[in-house]
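Work through the exercises below with the structure open. Each task is followed by a solution in steps.

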Amino acid sequence: MRPFFRIYGDIIRHADRLVPGMMRPMWLSATGPRTVFFWGPAMKWVLPAICKQCVVLAGLIDVLARPPHLISQKQSLVLALSGVLWSRWSLVIKPKNYSYLACNAVLSVSQCMLLWRSLNSEWKKWQDEKAHIA
């Protein structure tokens, strides 16, 4: 693991010289690109999108496109609760990580919307069956 720290340190030292003066406060901040507090949320948004497995963006796309009968209620509930949990955690840690908060809040909201669509579809189906029987 030590070689990775050394490589990362070398990259940061070289990048320090290239950062313009205007960008220095952001670069040197406690949640800037020199820290895990920047790269964690960035990878949660970007890296899975490159690998075509981004949970956050897939959830947003599913809200618009996925048929309600194909939505897994258990999975949506677990992902929504996970998003709430990690959103809370991002505000408890020091320094507060607002980019991680945004990522997890979007995940939680999109999964709640999917869960609502699925439950609403089942409710309407149940109402139709009930009306048909009566």
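**Exercise 1.** Which helices do the buried residues of α5 pack against?

*Solution.* The model is a predicted one. Begin with the helix: α5 covers residues 55-65, and its buried residues are Val56, Gly59, Asp62 and Val63. Seen down the axis of α5, these residues fall within an arc of 120°, so they line one face of the helix. Next, look for what they touch. The buried residues of α5 pack against α3 (36-45) and α7 (98-133). Finally, turn to the face of α5 that points away from the buried side: it carries the exposed residues Ile61, Leu64 and Ala65.

**Exercise 2.** Decide whether serine 110 is buried or exposed, and list its contacts.

*Solution.* Locate the residue: serine 110 is in helix α7. Its relative accessible area is 1%. Buried means under 20%, so serine 110 is buried. Now take the side chain, which reaches the backbone oxygen of leucine 107 at 3.0 Å. Then set aside the neighbours within four places in sequence; serine 110 is in contact with Gly59, Leu60 and Val63. Two of these names, Gly59 and Val63, also appear among the buried residues of α5.

**Exercise 3.** Describe the largest pocket: its volume, and which elements line it.

*Solution.* The volume of the largest pocket is about 200 Å³. Its lining has 15 residues, and the closest to the pocket centre are Asp62, Arg66, Gln75, Gln111 and Leu114. Sort the lining by element: α5, α6 and α7 each give two or more residues. The most comes from α5, with four residues. Sort the lining again by residue type, and the result is seven nonpolar, six polar and two charged.

**Exercise 4.** Find how far apart leucine 79 and valine 109 are, in sequence and in space.

*Solution.* Leucine 79 lies in helix α6. Along the sequence, leucine 79 and valine 109 are 30 residues apart. In space, the C-alpha to C-alpha distance between them is 9.7 Å. To see what leucine 79 touches, leave out residues up to four places away in sequence; the contacts are Val55, Leu107 and Gln111. Gln111 has come up before, as one of the residues closest to the centre of the largest pocket.

**Exercise 5.** Where is proline 95 found, and is the peptide bond from lysine 94 to proline 95 cis or trans?

*Solution.* Proline 95 is in the loop between α6 (73-92) and α7. For the bond from lysine 94 to proline 95, read omega: the angle is near -5°, and the bond is cis.

Methods. Residues are numbered from 1 along each chain as its sequence is written. This is a predicted model: local features need pLDDT of at least 70, side-chain atom pairs count only at pLDDT 80 or more; totals for chains, interfaces and linings use all residues. Side-chain values use heavy atoms; hydrogens and water are left out. Buried means under 20% relative accessible area, exposed over 50%, partly exposed in between (1.4 Å probe, protein chains only). The arc is that of the directions from the helix axis to the C-beta atoms. Contact means heavy atoms within 4.5 Å. A polar contact is a pair of N or O atoms within 3.5 Å; within protein, one must be able to donate a hydrogen and the other to accept it, and residues adjacent in sequence count only if both atoms are side-chain atoms. On a 1 Å grid over the protein atoms alone, a cavity is a set of points where a 1.4 Å probe fits but cannot get out, and a pocket is an open set with protein on both sides within 12 Å along at least five of seven lines; lining residues have an atom within 4 Å of a point. Grid points are joined across faces, edges and corners, and a volume is the space filled by probe spheres set on the points. Ala, Val, Leu, Ile, Met, Phe, Trp, Tyr, Cys and Pro count as nonpolar, Asp, Glu, Lys and Arg as charged, and the others, Gly among them, as polar.
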